[in-house]
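Let's go through some labels together and ask what earns each one. Have the picture ready and follow along.

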Amino acid sequence: MSEKTLTRMDLSEAVFREVGLSRNESAQLVESVLQHMSDALGTGETVKISSFGTFSIRDKNARMGRNPKTGDEVPISPRRVLTFRPSHLMKDRVAAGNKA
Amino acid sequence: MIRSELIQKIADENPHLTQRHVERIVHTVFEEIIEALARGDRVELRGFGAFSVKARDARIGRNPRTGESVEVEDKKIPFFKTGKALRDRLNGR
C-alpha cells in the first residue's frame, strides 16, 4: 500500500471535477466548508455530519503532568480539546478498504 | 451544527449556486476524505486537522449481554488529529 497524503488541493480538484465550477471557486468553497466547521467548533458547538462523523468539544480539567524526559512535575492548565467520532458508515468503509 | 445547516450557510453566501450544487459540493468534500482513508491514504488540512488510518490489533472481545468471548479481528480505523490553529482557537489563543 503506497500511502499518499491528500491536501486541500485534492479536495478542491474533486469539487472541480464533480461539480464543474472553476478551480478557483472550487478551492474557495472547500475553504468555506472548513471555515464554517471551525467557526461552529470555536463557539463550543458540536458539528455533526451525517454519514461522516461528529466533531465535539470536551473540556479538560487542570492536572499535574510529568515531563517524561526529566520526571519533573508540570501543571497542565484546563483546556478544550476536539474529538472526532467517525460514523459507522465511515468506520465500515475504512475497515473494508484496508482489509489485508 | 448539522450537515444541512452547513449546507445552508454556504448556500446563503453563494446565491449564484443552487441548493443542489451546494449539497453536491459538501458531499464531495466528505466523500473524498472517506475514499482517501479507505485507500489507506491520509488527508492533511493545515490549520483544521489531519485524517489518517490507525491499526487496531486483533483482540478477544466479550459479548456484553452474554459474557461470551468473541474473537475480534485486527482492523483499520479512521483517526482525526486537530490542527494547531484550530486547537489554539478553541483555547482562545
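Q: What makes B:Glu23 and B:Arg20 a salt bridge?
A: Keep in mind that this is a predicted model. The side chains of B:Glu23 and B:Arg20 come to 3.9 Å, N to O. The cut-off is within 4 Å, for a nitrogen of Lys or Arg and a carboxyl oxygen of Asp or Glu, so a pair that meets it gets the name.

Q: Where do B:Glu23 and B:Arg20 sit in chain B?
A: Both are in helix 2 of chain B, 3 residues apart, and that is about one turn of the helix.

Q: Why is B:Arg20 called exposed, and what is B:Glu23 called?
A: Exposed means over 50% relative accessible area, and buried means under 20%. B:Arg20 has 65%, so exposed is the right word. B:Glu23 has 34%, which falls in between, so B:Glu23 counts as partly exposed.

Q: How do you know that B:Asp88 and B:Lys84 form a salt bridge?
A: Check the distance again: N to O, these side chains are 2.9 Å apart. The limit is 4 Å, so the pair passes. Both residues belong to helix 3 of chain B (residues 84-90), 4 residues apart, again about one turn of the helix.

Q: Which of the words "buried" and "exposed" goes with B:Asp88, and which with B:Lys84?
A: B:Asp88 has 17% relative accessibility; that is under 20%, so B:Asp88 is buried. B:Lys84 has 56%, over the 50% mark, so B:Lys84 is exposed.

Q: Why can we say that the pair B:Glu32 and A:Arg17 joins two chains?
A: The two side chains meet in a salt bridge at 3.9 Å, N to O. B:Glu32 lies in helix 2 of chain B (residues 19-38) and A:Arg17 in helix 1 of chain A, so this pair links the two chains.

Q: Buried or exposed: what is B:Glu32, and what is A:Arg17?
A: B:Glu32 has a relative accessible area of 12%, which is under 20%, so the label is buried. A:Arg17 has 54%, which is over 50%, so A:Arg17 is exposed.

Q: What makes B:Glu31 and A:Arg93 a salt bridge?
A: Their closest N and O atoms are 2.8 Å apart. With a limit of 4 Å, the pair qualifies, so we call it a salt bridge.

Q: How many salt bridges does the rule find across the interface of chain A and chain B, and how many over all chains?
A: The rule gives 4 across the interface, and 13 over all chains. There's also a network of salt bridges linking B:Arg42, B:Glu44 and B:Arg46.

Q: How many residues are in contact between chain A and chain B?
A: On the chain A side 53 residues are in contact, and on the chain B side 46. In chain A, the residues that lose the most area to chain B are A:Leu6, A:His36 and A:Arg93, together 13% of what that side buries.

Q: What makes strand 1 of chain A and strand 1 of chain B count as paired?
A: Pairing needs at least two bridges, and these strands have 2, so they count as paired. They run in the parallel sense, and strand 1 of chain B covers residues 42-45. A:Leu6 stands opposite B:Val43 there.

Terms used
Residues are numbered from 1 along each chain as its sequence is written. Chains are lettered from A and ligands numbered from 1 in the order in which they are written. This is a predicted model: local features need pLDDT of at least 70, side-chain atom pairs count only at pLDDT 80 or more; totals for chains, interfaces and linings use all residues. Side-chain values use heavy atoms; hydrogens and water are left out. Contact means heavy atoms within 4.5 Å. Buried area is the accessible area (1.4 Å probe) that two parts lose on being put together, summed over both. Buried means under 20% relative accessible area, exposed over 50%, partly exposed in between (1.4 Å probe, protein chains only).
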